[in-house]
Amino acid sequence: MAEKRMITADDILPMEVYAADRKSRRKALVDVKRHRRLEVGPVCTFYFENYETMWSQVQEMLYIEKGGDEQLKDELEAYNPLIPQGSELVATVMFEIDEPVRRATFLSKLGGVEETAFFQFDGETVIGVPEEDVDRTTADGKASAVQFIHFPFTADQVAKFRSEGNQVILGFKHEFYSHMAVLPEAVRAALAQDFD
């Protein structure tokens, strides 16, 4: 079955149905997400989204906030753009620093970091494209702690990414955050399923 590319109102479970097996669904999602995340450098984690992760996010937001149909419309508008469309990978990128003063100082130097994310593999480089919903860097150069980044692939790049055993590097080329990480094979294999 082809991967679904959009959540609709018909996909959402009634709250009583979701509540009945919420615990088991959340536990199953932990297993899915385990191979869809990668730490890059000391304070950044990429969480790669797909239909399942975004469906769970929408369903959970509706369960917690109980906003009904009006909320559902907003959640679909927010989360559908983060579902990969067959020739891309999409990540929620989080810079996680618990201490508020240190976090503010760090982010103040990180402006534009969302435009420097990349994959490298088998002679290919795929540059990340930030989600255009809002500007994630302020005019004074402060980056948001949460970024949404699309990685558009050509058909040839998809074929190379899918090759088992290929070394795939994910990183940033930012003056103040030029870190990289190699994808474990289990992560590469999981992400390769996002392509048509």
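In the predicted model, strands β8 and β9 (residues 180-182) run antiparallel and are joined by three bridges. Within this pair, Gly171 has Met180 of β9 as its bridge partner. Strand β8 is also joined to strand β4 (residues 117-121), by four bridges, and these two strands again run antiparallel. Here Gln120 has Ile169 of β8 as its bridge partner. Strand β8 covers residues 169-172; Ile169 and Gly171 point one way from the strand, whereas Leu170 and Phe172 point the other way. All four of these residues are buried.

A further sheet is open and consists of five strands in the order β1-β2-β3-β7-β6, with antiparallel pairing. Strands β1 (37-39) and β6 (129-130) stand at its edges; each has a single partner strand, so one side of each is left without a neighbour in the sheet. The partner of β1 is strand β2 (residues 44-48), and this pair is antiparallel over three bridges. Leu38 has Phe46 of β2 as its bridge partner. In general, the strands of a sheet pair through backbone hydrogen bonds, in either a parallel or an antiparallel sense.

Salt bridges were then examined. The count for the model comes to twelve. Three of the pairs with partners in one helix are described here in turn.

In helix α2 (residues 22-34), Asp31 and Arg34 lie three residues apart, about one turn of the helix. Asp31 forms a salt bridge with Arg34, and the closest N and O atoms are 3.2 Å apart. Asp31 has a relative accessibility of 43% and therefore counts as partly exposed. Arg34 is likewise classed as partly exposed, because its relative accessibility is 48%.

In helix α4 (residues 68-79), Glu77 and Lys73 are separated by about one helical turn, because they are four residues apart. A salt bridge links Glu77 with Lys73, the closest N and O atoms being 3.2 Å apart. With a relative accessible area of 51%, Glu77 is exposed; the cut-off for this class is over 50%. Lys73 has a relative accessible area of 47% and is therefore partly exposed.

In helix α7 (residues 185-192), the side chains of Glu185 and Arg188 meet in a salt bridge at 2.5 Å, N to O. Glu185 and Arg188 are three residues apart in α7, so about one helical turn separates them. Glu185 is partly exposed, with a relative accessible area of 33%. Arg188, by contrast, is buried, because its relative accessible area is 4%, and the buried class lies under 20%.

Beyond such pairs, Arg22, Arg26 and Glu60 are joined into one network by salt bridges that share partners. Glu60 lies in helix α3 (residues 51-65). Glu60 counts as buried because its relative accessibility is 9%. When neighbours within four places in sequence are left aside, Glu60 is in contact with Tyr18, Arg22 and Arg26. The contacts of Glu60 thus include Arg22 and Arg26, which are also members of the salt-bridge network.

Definitions and conventions: Residues are numbered from 1 along each chain as its sequence is written. This is a predicted model: local features need pLDDT of at least 70, side-chain atom pairs count only at pLDDT 80 or more; totals for chains, interfaces and linings use all residues. Side-chain values use heavy atoms; hydrogens and water are left out. A salt bridge is a side-chain nitrogen of Lys or Arg within 4 Å of a carboxyl oxygen of Asp or Glu. Buried means under 20% relative accessible area, exposed over 50%, partly exposed in between (1.4 Å probe, protein chains only). Two strands pair if DSSP finds at least two bridges between them. Contact means heavy atoms within 4.5 Å.
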